[in-house]
Amino acid sequence: MRIGVLCSGGDSPGMNAAIRGATLRGVDVHGFEMVGFVDGWRGFHEGETVELDRPAVRGLSGQGGVFIGTSRVPPFDGGPGEADLTDFRARFADYGLDAFMLIGGNGTQRVSSILHDSGIPVVGLPKTIDNDLDGTDYTFGFDTAVSIATEAIDRLRTTGDSHRRCMVLEVMGRDAGWIALHAGMAGGAQAILVPEFPESIDQVCDWVTSVRDRGRSSLVVVAEGFALAGNGSQVTRDGRDGFGRLRLGGVAESLAPVIEERTGIETRATVLGHVQRGGAPTAFDRVLATRTGIAGADAALHEDWGTMAALRGDRIEMIPFADAVGRLKTVPDDRYAEVRLNFG
Ligand SMILES: Nc1ncnc2c1ncn2[C@@H]1O[C@H](COP(=O)(O)OP(=O)(O)OP(=O)(O)O)[C@@H](O)[C@H]1O
Ligand SMILES: O=P(O)(O)OC[C@H]1O[C@](O)(CO)[C@@H](O)[C@@H]1O
Ligand SMILES: [Mg+2]
């Protein structure tokens, strides 16, 4: 069996470990041929590939990024219509492929599902720092991002306390508040602002003021997709990503002066940005990613197409794409309520 491996969407710490796990199991144990497409669908369109075998994945489990590259280059020119899919199948056949192993988040697994429905054998390996993919408890990369954001909170807190300032930290997550929620809990933030639960500026300022009134300095964590209640909208930057979506970012910088003006407390903003996607994966993410890759290779052996390797409790289970795509896994009411009671 010849399997094409491809990454799509943002990189996520653990992608290298997943490719290593899949290759060691797929090539060495099951006797597959495996080929990686460089920079996601760009490599597929332009014919840039790398053979995956034991030497190619040596020492990769602790390395950040992904050595074959990833991108948001789309798989099809269009919708996809029947003509797009026919062209796609022809290209798939030209590469001599029997199946795809697609590594990505909700967008990528949506593509997996489209390809599977059009008759192409696919297994999916879930990754994303956003942890917004349904059907799986955690995606690899999330734990690393949360650890980095937590360290940032710890560091901002000592300087914020020293100057009696309010510190606002912006983290990633697109339309899901998981990174903010977990890092904020781990770092004991005085307020955590997430896209799922808009709050008014009056409420945010009340929390910051009450923290000052009991002699402390506030650490506010805000997810990049947060919008104020009422007529607030998400803050975006110039430019669009490779899929044509507006880039999120800047909400901390827009909130900080308003908090300062309304409370009289000096307030500073920090945007953590891509630091939270870079560098070595945590041990948890290395193990999760490796097991995910192994499960994907085993699923290919059993021709368990149309499935994604999901973490369920402490087990990796192959679940249908339909259970993973179509809706985002966002922060539920009870998870927000349990932290909100202690804000301020
Ligand atoms: N419905 C769709 N139809 C066709 N292509 C899609 C669709 N959804 C996503 N894609 C393609 O898949 C790519 C990856 O999706 P996306 O950028 O949402 O990242 P992701 O896989 O969700 O990972 P992450 O959220 O971690 O960046 C998109 O950039 C786009 O090229
Ligand atoms: O790397 P880019 O294209 O700036 O994308 C940033 C986006 O990717 C993610 O890191 C992962 O989806 C989001 O949290 C963030 O909004
Ligand atoms: Mg996504």
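The questions and answers below concern a predicted model and how its two domains and its salt bridges are arranged.

Reader: Which residues make up domain 2?
Author: The protein is divided into two domains. Domain 1 takes in 2–140 together with 281–323. Domain 2 is 142–277.

Reader: How far apart do the C-alpha centres of domain 1 and domain 2 lie?
Author: The two domains do touch, with 17 residues of domain 1 in contact with 18 residues of domain 2. Their C-alpha centres lie apart by 33 Å.

Reader: Which three residues supply 45% of the area that domain 1 buries against domain 2?
Author: Between them, domain 1 and domain 2 bury about 1400 Å², and carbon and sulfur atoms carry 55% of this area. On the side of domain 1, no other three residues supply more than the trio in question. They are Arg 72, Ile 129 and Asp 130.

Reader: How many residues on the side of domain 1 that touches domain 2 are nonpolar?
Author: Seven residue pairs are in polar contact between domain 1 and domain 2. The residues on the domain 1 side include five polar and five charged ones. The nonpolar residues there number seven.

Reader: Which residue meets Asp 11 in a salt bridge?
Author: A salt bridge needs a side-chain nitrogen of Lys or Arg within 4 Å of a carboxyl oxygen of Asp or Glu. For Asp 11 the N to O distance is 2.8 Å, which therefore falls within that cut-off. The partner is Arg 277.

Reader: Is Arg 2, the salt-bridge partner of Glu 51, buried or exposed?
Author: Glu 51 and Arg 2 meet through their side chains at 3.7 Å, N to O. The pair links distant parts of the chain, with Glu 51 in strand 3 and Arg 2 in strand 1, 49 residues apart. Glu 51 has 44% relative accessibility and counts as partly exposed. Arg 2 has 18%, and because the cut-off is under 20%, Arg 2 counts as buried.

Reader: In which helix do Glu 338 and Arg 335 lie?
Author: The side chains of Glu 338 and Arg 335 form a salt bridge, 3.0 Å from N to O. Glu 338 is partly exposed at 43%, and Arg 335 is partly exposed at 21%. The two are three residues apart, about one turn of the helix, and both belong to helix 10.

Reader: How many salt bridges does the structure hold?
Author: One of them joins Arg 42 to Asp 39, with the closest N and O atoms 3.0 Å apart. Across the interface of domain 1 and domain 2 there is one salt bridge. For the structure, the count is 22.

Key
Residues are numbered from 1 along each chain as its sequence is written. Chains are lettered from A and ligands numbered from 1 in the order in which they are written. This is a predicted model: local features need pLDDT of at least 70, side-chain atom pairs count only at pLDDT 80 or more; totals for chains, interfaces and linings use all residues. Side-chain values use heavy atoms; hydrogens and water are left out. Domain bounds come from an automatic or database domain assignment. Contact means heavy atoms within 4.5 Å. Buried area is the accessible area (1.4 Å probe) that two parts lose on being put together, summed over both. A polar contact is a pair of N or O atoms within 3.5 Å; within protein, one must be able to donate a hydrogen and the other to accept it, and residues adjacent in sequence count only if both atoms are side-chain atoms. Ala, Val, Leu, Ile, Met, Phe, Trp, Tyr, Cys and Pro count as nonpolar, Asp, Glu, Lys and Arg as charged, and the others, Gly among them, as polar. Helices (H or I, at least four residues) and strands (E, at least two) are DSSP runs, numbered from the N terminus. Buried means under 20% relative accessible area, exposed over 50%, partly exposed in between (1.4 Å probe, protein chains only).
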